[in-house]
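This briefing introduces the structure to a reader who is new to it. Please keep the sequence and the model at hand while reading the points below.

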Amino acid sequence: MDLTDWLRKEHRLLIGGQWVPSVSGQTFAAENPATGEPIAHVAAADAADVDKAVQAARQALHSGRWSGYTPTERSRFLFKLADLIEANQTELAALESLDNGKAITHASFVDLPMVIDMFRYMAGWCSKIEGRTIPISAPFAPGARFHAYTRKEPTGVVGLIIPWNFPLLMAAWKLAPALAAGCTVILKPAEQTPLTALRLGELIIEAGFPEGVVNILTGFGETAGEALVNHPGVNKIAFTGSTCVGKQIVTAAATDLKKLSLELGGKSANIILEDADVEAAIVGAANGIFFNQGQTCTAGSRLYVQRKHFDRVVDGIAKVVANLPIGPGNQPDTFIGPLVSEAQMNRVLEYIEAGKTAGARCVFGGKRHGNVGYFVEPTLFVDVQPGMSILEEEIFGPVVCAIPFDTEEEVIALANSSCYGLAAGIWTRDISRAHSMASRLEAGTVWINCYNICDSAMPFGGYKQSGWGREMGMEAIELYMETKSVCILL
Ligand code: ADP
C-alpha cells in the first residue's frame, strides 16, 4: 500500500461489511500534529450512522454469523487478522506515527508488536471459554436431584470507544477479546486519530470476517460517541478515555443500564526507595513519564524519591532528558514527538502555568518547544504542595512532579492519597519490602524495578476513579461475556 495514495482517498464508514459515506455527508480532517496540517479527510458519523451500524451488528449477532462459528474457526479469523497486521506492520506504524505524532520507533517496536500479540493471545482464548458444572443443594426440595451448569455467552452488540494515545493498540485491547467472546462490535476511534482504525477495517475485510461483525465509525465524541452510548440496541460499552467522559458515560448508561467497562485516567506514583539501583530507577522514572510524551494513562507523573537520593534523581532525570531527541514522530531518532493536538498542547501548557503560579519550581522544561506543531518540552517540577493541580490532576502530557519522602509509611499514604488508582512503580533491591508495599498500594498494576510493562496476558485496569473492570488476560474475556446458569430437575 502506498501511504500517500491511501491518505488521499475517500475514507468512509465500515457498516455491514461495506464502506459507506456518512448519512449527513459530513467529513472531518485528520491532522499531522508535528505540523498542524491536514493529512486525510474521513467521514463524520452521527446518530443516523450509529443506528445503521447497530442494526448491522445486531443482525450479525442474531444470524449467528459470528457466534455460530466453532471456537477453532473463530480463532482462525483472529490469527489471520494478526498475520495481516504483521504483514502490514511497517505501513501501520508509519500511519500511527503520522496521525498521532508518536515516535516511529515506538509505534514500530511497542504499539504494533503488542497489537499483533493481543490478537494472537485472544485467538487462543476462543477455544478455552468454558462454563462449570455446579453441585447444588436446594434445601427447599429434599430428595430432589438437579444437574446445574453455567454457559458463557457473548454479551451481544458492544460499542468500543477508544482514545487517541495508542489508537491501534486500544482498538486491539477491546476488539480482540470482544470478538473472541463472540460479540459483534461497533468501534469508534478518537476523532484526533481515526486513520489506523480505518486501515484495520480494510484488513478485517481481507481476513474474511463476516459482514456486520466489526463496524467502524469515525466521528466525534459528542455525536457518534454519545449516540452509541444512548442506543438501546447496544448491550455494552467498553470505553477508554478521560475520567470526566467516563462519568458522563456512566450517567448516560443509567437510562437502560448498559453494561460498562471503563479504563480511565491516572496519576500514578513511581516510588524510588533508598536501597534502589538508583541509575536504573532514574532511567525508569524518565521513561515512565516521558514515553509517548506523557500521554499514557499509567504515566508515572508523581515521582516520590527517598530524601537521600532526591537531588541525584532530579539531576539524573535532567541529564536523561537532555539526550532525548524532540522532533516529528517520523524521524528515526525522535523520542519525544508532538502532543496529539493543539487543544491537548494548550491544556498541558495551562497546567504548567498553573504549577508555576502556585509556587512550584520548574527544574527543566516548562514551555512549548518551537512554534510549529504541538511540541511541549519534558518538564519536571519540585517544591510541589498538596492541593496543586499539577499534583492532583491528570495532565496527560510530559510533566512530572518530584517529591521527597522519608519513610515507607509516609510514601504509601502519599501514593494512595490520589482519587486515581491505575498503576504504581517501586524501585528497591529489597524483595520482601517490594512485595509488602505492592500489596498496600491502591493500584491495578504495580511495577517493581520496571515501569509501563503491559502484556496481553496480564490484567490491566484501575482502582478507584481509574475505572471498572480489567482488560487483557482472562479477565478481558469476562468483560464480554454473560454467565447463564442452567438448572435441570433429574
Ligand atoms: P480526551 O479528553 O483525552 O480527548 P476523551 O475521554 O474525551 O479523551 O475521548 C476518548 C474517546 O471518547 C474518544 O473516542 C471520544 O470521541 C469519545 N467521547 C468523548 N466524549 C464522549 C461522550 N460524551 N460520549 C461518548 N464518547 C465520547
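Strand 6 (residues 146–154) and strand 22 pair in the antiparallel sense over nine bridges; two strands pair if DSSP finds at least two bridges between them. Helices (H or I, at least four residues) and strands (E, at least two) are DSSP runs, numbered from the N terminus. The model is predicted: local features need pLDDT of at least 70, side-chain atom pairs count only at pLDDT 80 or more, and totals for chains, interfaces and linings use all residues. Residues are numbered from 1 along each chain as its sequence is written, and side-chain values use heavy atoms, with hydrogens and water left out.

**The three-stranded sheet**

- Within the pairing of strand 6 and strand 22, F146 stands opposite L489 of strand 22.
- The open sheet to which these strands belong has three strands in the order 5-6-22, with antiparallel pairing.
- Strand 5 (133–134) and strand 22 (481–489) each have a single partner strand and stand at the edges, so one side of each lacks a neighbour in the sheet.

**The seven-stranded sheet**

- A sheet of seven strands, also open, follows the order 14-15-16-13-12-18-19 and has mixed pairing.
- Its edges are strand 14 (361–364) and strand 19 (445–448), each with a single partner strand, so one side of each is left without a neighbour in the sheet.
- From one strand to the next, the twist averages 25°; axes are lines fitted to C-alpha atoms, for helices over the stretch in contact, and angles run from 0 to 180 degrees between N-to-C directions.
- Strand 12 (residues 269–272) and strand 13 (residues 302–306) run parallel and are joined by four bridges; A269 has R302 of strand 13 as its bridge partner.
- Helix 11 (residues 310–322) packs on this sheet and touches strand 12, strand 13, strand 14, strand 15 (379–382) and strand 16 (399–405). The direction of helix 11 makes about 135° with that of strand 13; contact means heavy atoms within 4.5 Å.
- Strand 13 and strand 16 run parallel, joined by five bridges, and R302 has C401 of strand 16 as its bridge partner.
- Three bridges pair strand 15 with strand 16 in the parallel sense, where C401 is the bridge partner of F381.
- Six of the seven residues of strand 16 are buried (buried means under 20% relative accessible area, exposed over 50%, partly exposed in between, with a 1.4 Å probe and protein chains only).

**The ligand site**

- The ligand is surrounded by 19 residues, and the closest are I162, W164, K188, E191 and S242; a residue is near a molecule if one of its heavy atoms lies within 4 Å of it.
- An oxygen atom of the ligand lies 2.7 Å from a polar backbone atom of I162.
- In the side chain of E191, an N or O atom is 2.5 Å from an oxygen atom of the ligand.
- For the side chain of S242, the distance from an N or O atom to an oxygen atom of the ligand is 2.8 Å.
- The protein covers 84% of the 550 Å² of accessible area that the ligand has on its own; accessible areas come from the Shrake-Rupley method with a 1.4 Å probe, and for residues only the protein chains shown count as cover.

**A buried lysine**

- K174 lies in helix 6 (residues 167–180) and counts as buried because its relative accessibility is 1%.
- Leaving aside neighbours within four places in sequence, K174 is in contact with residues including I162, T240, E471 and Y480.

Conventions
A polar contact is a pair of N or O atoms within 3.5 Å; within protein, one must be able to donate a hydrogen and the other to accept it, and residues adjacent in sequence count only if both atoms are side-chain atoms.
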